[in-house]
Structures are given as structure tokens and as C-alpha cells.
Amino acid sequence: MSLISLLVIAVSTLSVLCSTLALVGASKSDKKRMAWFLATMVGGAIWGVSIAAFLGLEPSQEHLAPYLVVGIYMGGALMMLSLLGYGCWDKVFGKIALAVSLIYVVALTTMLVQDPTLMFNGITISPQGNSVALVNSWAYWSYGLFFVIDTNLVWLSLLQRIRNTRLKRAKRGDFVFLVGLAATGIFALVFDVILPLFRYDLIWVGPLALSSTAISFYYALLKFRTASIDSRWLRVLSSVVLAICGVIIYMLIFYLIFTALFKIPNPSASVLVLNFLMVIILLLLMPVINELRASINSMISVGQVDMAYVIKKLNRLASRNIDLRELAGFLADHLHFDYIGFIINGRLYGSKSLSITSTELSQITHLKQTTHGVWQEPSKTVQKTFDALGLKAAAELRNAKGKTFGQLIVGKPLGKTSFERRDLIQLEMIINLVAAVIDSEKHIRA
């Protein structure tokens with residue numbers, strides 16, 4: 001399997017997954033349009049994979065060639081019919097154009113079944129390259145004209161939608177998609193309609209250019225919300241698009257470096273497949289690597305708090321039962337305090353062992369409630385206890401109704417001798433979020 005074949009398969013996979021996730025996550029009003037787009041990308045995938053498989057055929061596999069040629073030209077026809085449905089189905093002329101195009105495809109297919117020489121004059125499978133001998137005839141040029149007319153109808157429909165839409169966001173989104181679609185159309189016209197009459201070995205360029213349609217479609221959804229997609233499915237879609245784009249970029253870079261270092265025109269199939277699998281494994285490990293890197297960076301940056309990481313982690317904890325000692329340890333590590341503990345229902349859950357008596361614990365729990373903010377003002381007696389235990393402050397934990405259900409106590413900040421105003425502001429934000437996460441006794445686990 002060549003690099004070109006892997007890239008075409010990757011682009012085909014990107015196109016189908018992108019459109020499938022868009023359809024699954026689409027609102028009812030956009031389901032039909034997304035279904036048309038999915039059919040377009042399925043046709044494009046059949047077109048692309050058939051080309052990749054045909055170009056990679058060995059002489060011993062020559063018997064498969066006719067089926068792959070059917071996949072190339074019928075897959076392309078399905079792609080164009082569905083694209084016409086996506087762009088024009090909501091208009092009267094679009095329905096008429098789709099019906100006429102369908103009749104044309106059925107009629108041409110019937111004629112080619114009866115007499116393939118109308119368009120094809122033979123298939124060559126050899127080590128020098130595989131090709132289809134196309135006939136420079138009315139049948140072939142009508143097929144090319146079918147592509148040109150349908151593509152232009154979709155372009156005109158999108159331009160009309162851009163002109164008639166009042167929302168700037170929708171205009172920009174449709175324009176981005178139009179640019180991606182135009183790029184695919186131009187490459188496909190040149191390399192898959194005109195050049196194959198003279199050079200068949202470059203027919204893979206069209207399916208590879210399908211990536212511009214898939215990526216522009218995704219970008220328009222993400223940036224301009226051209227269709228109503230559930231945010232959960234949009235996140236999944238983003239992960240898929242980024243992962244496959246990463247594979248494509250990695251394989252291209254690998255190919256360039258490999259050919260430059262070893263002066264070999266094409267790496268072997270085993271080398272390409274091994275690298276393809278390695279980059280897939282690497283991409284699957286990326287979330288774990290990123291999480292580990294963020295955790296390490298948050299712990300070693302003693303001079304500042306990575307608020308984004310801490311808040312993200314607390315939001316995750318909110319969905320499950322909480323071990324308060326584990327939570328206290330996490331906050332002590334990432335907020336960079338010598339000690340953090342929770343006092344709830346007369347019990348202390350700390351990031352480490354603290355030699356505190358029941359009397360001292362009772363003194364802290366009976367501190368006066370605050371009227372502003374969350375920080376409590378210690379009495380002289382409690383301040384002596386704080387000094388003896390190495391504690392610096394206590395704050396109230398309040399539930400959603402504003403009722404106090406516990407306290408958070410903190411030790412000295414690491415790398416500092418006292419609190420700064422920024423420390424208090426950051427810690428107060430975290431305290432409010434921690435209180436919302438704990439919220440009630442049902443979450444507490446000793």
C-alpha cells in the first residue's frame with residue numbers, strides 16, 4: 001500500500017466520520033440537510049477508496065479492476081447527486097435538477113452495461129502503473145459535463161443563500177464552505193475529468209482534495225454554527241477531525257523525511273502501515289499525555305496557580321462521590337499550600353496528618369460566621385491555635401442556598417511567608433467551587 005493510498009483512505013474516513021457525527025448531533029431542522037451531506041461524503045469515500053485500491057492493484061489482482069472502475073465512476077456520480085440534494089433540495093429548481101441528473105446517471109449506467117466501449121477502451125494493470133483507457137467520446141464528456149453543471153448549481157445555490165441571509169455569521173460560514181467546495185471541485189475537474197484522458201496516474205488528487213470540503217464544513221460548523229449541532233457531538237467531531245488531520249500531516253512529514261534521508265521513492269508497505277499504526281497509537285495516548293503534563297506543570301509552578309486546570313479537575317469531581325482527604329491533597333498540591341483541610345460535621349479531612357485536639361477543633365468550628373466573603377476572623381485564642389498548628393486562615397463552605405455546612409482551613413503558602421491579595425482572591429474562587437462540588441453530606445466519604 002502506497003502513501004497516496006493511505007492518505008486517500010484517511011481523507012475518505014475523515015469525510016464520512018465528519019458527516020456522520022454532524023448528522024447524529026444535528027437538530028431536527030437540520031437532519032435532512034446533514035443526511036444529504038453524509039450521502040455526499042459516502043459517495044466521495046467510495047470514489048476515493050476505489051481509486052486508491054485501483055492504483056494499488058497487483059497484476060495478480062487484475063480480476064478486481066472492473067469492479068473498482070465501477071466504484072470510481074459510480075461513487076463519483078453518487079457524490080454529485082447527493083451534493084446537489086444538499087445544496088439545492090429546498091428549492092424547486094434543485095428538485096428538478098436532481099431528478100434530471102438521476103435520470104441521466106441511470107441512463108448512462110444502462111448504456112455502459114450494454115456497451116462499455118462507449119467510455120472505456122480497456123484496463124491496464126502493470127508494475128509501471130495502473131490505468132483505464134478512456135474513450136474521448138460524447139459519453140465521457142457528458143459525464144464530465146454532468147460534474148460541471150451539478151457543481152455549478154450547488155455553488156450558485158450557496159451564493160444565493162449567502163446573498164439572502166441577513167446573519168453575518170451564517171454568511172461567513174456558507175462562504176467558508178463554498179471556498180472548500182470550490183477547491184475540491186477545481187482539483188477534481190482538472191485531475192479526475194480532463195487529465196485522465198492523457199495521464200491516469202494523477203487521478204488520486206481529486207479524492208485527496210475532498211479534505212478541503214470536509215475541513216471547511218467542520219470549520220463552518222465550529223466557528224459560525226452553520227447548522228445546529230449538539231455541543232457534545234461537536235466536541236466528538238472536533239476530536240475526530242483533529243486526530244485524522246494529525247495522521248495526514250504526520251504521514252506527509254514522514255514521507256518527505258524518509259525519501260530525503262534514504263533516497264527511496266516509495267517506502268515499503270510494511271513501513272507505511274507501521275508508521276500509520278504508530279501515529280494512531282500516539283494520538284490515542286495524547287489525552288493522557290496532555291493530562292499528565294498539565295498536572296505536572298500545575299504542581300511545579302509554585303509561584304502561580306493554574307486556575308484553568310484546577311477548575312477543570314473540580315468540575316470532573318462534581319460528577320462522582322468525593323474522597324475529601326484526596327480532594328484536600330489535590331488542592332494542597334495544586335494551590336501550593338503546606339496544608340489544606342475540610343472540617344465537616346465536627347470531623348477533619350486533611351491533606352496530611354494534623355495533631356489537633358478535639359478542643360482546638362471545636363474552637364475553629366465555632367468561629368463567627370462572616371457577613372462579607374468567606375474568610376473568618378479568628379479570635380486571639382484561635383489565632384494561638386493557628387500559630388501552633390501552622391495554619392493561616394479558615395473559610396466557610398456554603399451550599400447552593402447560602403447555608404454554611406463546613407469550613408476549609410489552609411496552612412502557609414509554599415514559597416511565601418504570608419498571603420498576598422491575589423492568593424486570597426484565587427482561593428476564594430476555588431472555595432466557592434469546592435463548596436458547590438461537596439454541597440451536601442451525601443458526597444462525603446471518610
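Which residue meets Asp 90 in a salt bridge, and at what N to O distance? Lys 91 does, with 3.4 Å from N to O. Some notes on the rest follow; keep in mind that this is a predicted model.

1. **Asp 90 and Lys 91.** The two partners in this salt bridge sit in contrasting surroundings. Asp 90 comes out as exposed, at 56% relative accessibility, whereas Lys 91 counts as buried at 18%. If you look at the pair on screen, the contact to check is the one between the side chains, at 3.4 Å.

2. **Asp 30 and Arg 33.** The whole structure holds six salt bridges, and the one between Asp 30 and Arg 33 has its closest N and O atoms 3.2 Å apart. Why do Asp 30 and Arg 33 lie about one helical turn apart? Because they are three residues apart in helix α2, which covers residues 28-55. Both ends of the bridge are buried: Asp 30 has a relative accessible area of 12%, and Arg 33 has 18%.

3. **Glu 396 and Arg 398.** Here is another of the six salt bridges. The closest N and O atoms of Arg 398 and Glu 396 are 2.7 Å apart. Glu 396 is buried, with just 2% relative accessible area, while Arg 398 is partly exposed at 26%. As a general reminder, side chains of opposite charge can pair when their charged atoms come close.

4. **Cysteines.** Don't look for disulfides: the search of the whole structure turns up zero. Take Cys 18, whose closest cysteine sulfur belongs to Cys 245. The gap is 9.1 Å, so a bond is ruled out as too far; the cut-off for a disulfide is 2.5 Å between the sulfur atoms. Seen from the other side, Cys 245 is in no disulfide either, with the sulfur of Cys 18 as its nearest. Both cysteines are buried, Cys 18 at 0% relative accessibility and Cys 245 with a relative accessible area of 17%.

5. **The largest nonpolar core.** This one has 78 residues, and the members touching the most others are Phe 54, Tyr 73 and Phe 217. Which helix gives the most to this core? Helix α3, spanning residues 65-88, with 13 residues. Apart from this core there is another, of 34 residues, with Leu 317, Leu 324, Phe 405 and Ile 438 among them. In general terms, nonpolar side chains tend to be buried together in soluble globular proteins.

6. **Around Phe 217.** Since Phe 217 is one of the three members touching the most others in the core, its contacts deserve a listing. Setting aside neighbours within four places in sequence, Phe 217 is in contact with Cys 18, Ala 22, Met 34, Phe 37, Tyr 86 and Phe 177. Cys 18, from the cysteine point above, turns up again in that list.

7. **Ser 82 in helix α3.** Is Ser 82 buried or exposed? Buried, at 4% relative accessibility. Ser 82 is found in helix α3, the helix that gives the most residues to the largest core. The side chain of Ser 82 reaches the backbone oxygen of Leu 78, at 3.0 Å. Leaving out residues up to four places away in sequence, Ser 82 touches Trp 36, Ala 39 and Thr 40.

8. **Aromatic pairs.** The count comes to 17 aromatic pairs. One of them joins Phe 146 and Phe 147, edge-to-face, with 5.8 Å from centre to centre and 85° between the planes. Both of these rings belong to buried residues: Phe 146 has a relative accessible area of 5%, and Phe 147 is at 10%. Tyr 219 and Phe 224 have ring centres 6.1 Å apart and planes at 80°, so this pair is edge-to-face too. Tyr 219 is partly exposed, with a relative accessible area of 38%, whereas Phe 224 is buried at 10%.

9. **An aromatic cluster.** Which residues join Phe 146 and Phe 147 in one aromatic cluster? Tyr 73, Tyr 104, Phe 120 and Tyr 143. Tyr 73 links this point back to the largest nonpolar core, where Tyr 73 is among the residues touching the most other members.

Notes. Residues numbered from 1 in each chain as written. Predicted model: local features only at pLDDT ≥ 70, side-chain atom pairs only at ≥ 80, totals over all residues. Heavy atoms only, no water. Salt bridge = Lys/Arg side-chain N within 4 Å of Asp/Glu carboxyl O. Helix = DSSP H or I, 4+ residues; strand = E, 2+ residues; numbered from the N terminus. Buried < 20%, exposed > 50% of the residue type's maximum accessible area, 1.4 Å probe, protein only. Core = buried A, V, L, I, M, F, W, Y, C linked by side-chain atoms within 4.5 Å. Contact = heavy atoms within 4.5 Å. Polar contact = N/O pair within 3.5 Å; in protein donor to acceptor, adjacent residues only side chain to side chain. Phe/Tyr/Trp six-rings, centres within 6.5 Å; stacked < 30°, edge-to-face > 60°.
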